[in-house]
Amino acid sequence: MSVQEYLDKHMLSRKIEDAVNAAVRAKTPDPVLFISNHMKKAVPSVITKVKARQILDSRGIPTVEVDLFTNKGMFRASVPSGDSTGMYEAVELRDGDKGIYLGNAVTKAVKNINEKISEALVGMDPTVQLQIDQAMIDLDKTEKKTELGANAILAVSIAACKAGAAEKEVPLYKHIADLSGKSNSILPVPAFTVISGGKYSGNSLPIQDILILPTGASRFEEALQMGSETYHHLKAVITEKYGANGCSVGEDGGFTPNISSIREGLDTVKEAISRTGYADKIKIGIDVAATDFCIGTKYDLEFKSPNKSGQNFKSGEDMIQMYKELCIDYPITSIEDPFDKEDWEHSKHFCNLGLCQVVGDDLLMSNPKRIERAINESACNSLLLKINQIGTVTEAIEVVKLAKEGNWGVVVSHRCGETDDSFIADLAVAIGAGQIKAGAPCRGERLAKYNQLLRIEEELGDQAVYAGEDWRSYIAVAWLKVAPLQVIRSQLQLIKISALGLIFCLSVVGGNISLRFLPVSFNQAVGATTPFFTAVFAYLMTMKKEGWVTYVTLIPVVTGVIIASGGEPLFHLFGFIMCIGATAARALKSVLQGILLSSEAERLTSMNLLMYMAPVAVIFLLPAAILMEEGVVGITIALARDDWKFLVYLIFNSALAYFVNLTNFLVTKHTSPLTLQVLGNAKGAVAVVISILIFRNPVSVTGMLGYSLTVAGVILYNEAKKRNV
Ligand code: PEP
Ligand code: MG
């Protein structure tokens, strides 16, 4: 093939010309670099090779490492491995040949990657994480990833995620945040292991870890400093109390002095904290890992002692009593696995006391079914997320969503066998977990995660938010803080926000005008039809149809309110048109706000959406008020002059309107616009009950009948939605 033929075949002349033109337009000082970058961007984004190998983890036990290649470069990932494994988690594939690495080699998992997985993934776009993970799940075909090995699948999933970020030219945490539909990154509170005990430590401390959580720091960097300083003060305290021997460290870097009781361990840590001067800013957590010393229905707190006193063989109730006392005597804010993994009853009982965060590790095994059960039964209120128990990035994000929907905290966790891969640091920031447990502030594989968090905080600069005191459920309290600012991403998004503001104003103005021509009860009766309009708009705009029975249930919901409003003899055509227009506008607003608050591409937090909507509303409503109410400005000033409290009431009224809208937005996030409107129709029934019970007001039989019908309709609607009919 001649050079010319080659150039023609690959359309190279055209591509080079484009690159040169772009360089000229950009007036770049370094055209060669510019052109080479330009050409690189033109290369299709695909996975070209996946190559795995066996390496050793921090315990000296084999694990899987993967190099995944795309046209952008090579992306490396390795997987951790833990001691506690259970029947509900994804399976780590090990060779089992006792003669080699005591049966722990992972050459089969490596082979699976190099042959089957590589073949399936080459040619795929690294940014489509879901499809990549699904391809591996389909290839494996088993529920617990036994065929290919969760260690093989996870290593590739993480490497692909890194490649996806590089392809998009964004930091890894940003790419993961996109994948999980989150827009604000939050630096987690680190839970540093400082004393190790439990099954794998040589001391007599029954519980697995004592941790410190610098919740009072203002930034992650400060939290790390607090952790490190406390760790070194602790080293001094231990040396004084137990001698230098006590300062050996366990697998995740915690000291292992010969402590025999939980209180002795907590006192030692408390002493170290008091030496730092950060007393109120550092809280304590414990990982009991109670499954390791549960015998039948009892808990043996002396399970490691050869000479048992018999005093420490506790029932579940005794354990609850012990935790209650510990929470009073020490600044304990988090207890992980306080009971055996199958002791749901005591977990529930303890969690319901609400004494502290109750983290489910062995109880949940990061398994979605167990998480769902624990949410339903309130058996704990926080998830310990160990990604290797799940096996793919996509599924890890899914279980986080599940936990957040249950209003839980999330602790992203390392494993005792770690590598220098810092993926979980980016993950914790991206999903806004609020907490990370990655071992002591010591040992390279643990610091790989904490140091990466330092880098992320530095990179985020002013945008960096440290979860701090809101570590447990950042989301739940976020609306009390000034919400982190989100930028508007596209012109279309701006148009939709403006339209939302405008439609909101139209519904307010239309409603007010109609009140001049129609009685309130007539207005209410027309307003009751909002669910019908919402159903129509929701269908037209999202093309998502509900089951037909769901639509049928709207009839009693709406008819009830119309009946309750009573027959109105007064009819005015213009007033009616205004009223129906305002009703339709209200329905359109709830559908549009639902889209803006929850769509993948345009998701905004409620605070941000309100903030962007506000100027449109002001620009429209102020002149509308001046036009509609003659002399409104003069009247307002006169009233305020007469009594300054009038201004306070006015501001209070506006603030109330703001919070009503904010609440409306917050609720929309958790439900559909239609459900919101259906529930809105039931509010009359609530008013009737309050009116009778509290104010002893008489209510008409027609009113009662109407609202009873609406309530029955709401119940039917709920049932129909649940069954999707
Ligand atoms: C833990 O229990 O918190 C933990 C890190 O477990 P593993 O030792 O099994 O990794
Ligand atoms: Mg644990």
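In the predicted model, the magnesium ion (ligand 2) is coordinated by three acidic side chains, through OD of Asp 287, OE of Glu 336 and OD of Asp 361, at 2.0 to 2.3 Å. Along the chain, the donors of this ion follow the spacing D-x48-E-x24-D. Asp 287 and Asp 361 thereby link distant parts of the chain, being 74 residues apart. Asp 287 belongs to strand β7 (residues 283-287), whereas Asp 361 is found in the loop between β12 (357-360) and α12 (368-377). Both of these aspartates are buried.

Asp 361 also takes part in the surroundings of ligand 1, where it is among the residues that come nearest, together with Ser 84, Arg 415, Cys 416 and Lys 437. In total, 13 residues surround ligand 1. By class, this shell has seven charged, four polar and two nonpolar residues.

Several polar contacts to oxygen atoms of ligand 1 are present. An N or O atom in the side chain of Arg 415 lies 2.7 Å from an oxygen atom of the ligand, and a polar backbone atom of Cys 416 is 2.8 Å from a ligand oxygen atom. For Lys 386, a polar side-chain atom is placed 3.0 Å from an oxygen atom of ligand 1. On its own, ligand 1 has 290 Å² of accessible area, of which the protein covers 96%.

The shell around ligand 1 draws residues from both domain 2 (47-169) and domain 3 (186-470), and ligand 1 therefore lies between these two domains.

Methods. Residues numbered from 1 in each chain as written. Chains lettered and ligands numbered in written order. Predicted model: local features only at pLDDT ≥ 70, side-chain atom pairs only at ≥ 80, totals over all residues. Heavy atoms only, no water. Donors = N, O, S within 2.8 Å, 3.2 Å for Na, K, Ca; no water. Helix = DSSP H or I, 4+ residues; strand = E, 2+ residues; numbered from the N terminus. Buried < 20%, exposed > 50% of the residue type's maximum accessible area, 1.4 Å probe, protein only. Near = heavy atom within 4 Å. Polar contact = N/O pair within 3.5 Å; in protein donor to acceptor, adjacent residues only side chain to side chain. Areas by Shrake-Rupley, 256 points an atom, 1.4 Å probe, with all protein chains shown as cover. Nonpolar A, V, L, I, M, F, W, Y, C, P; charged D, E, K, R; others polar. Domains from an automatic or database assignment.
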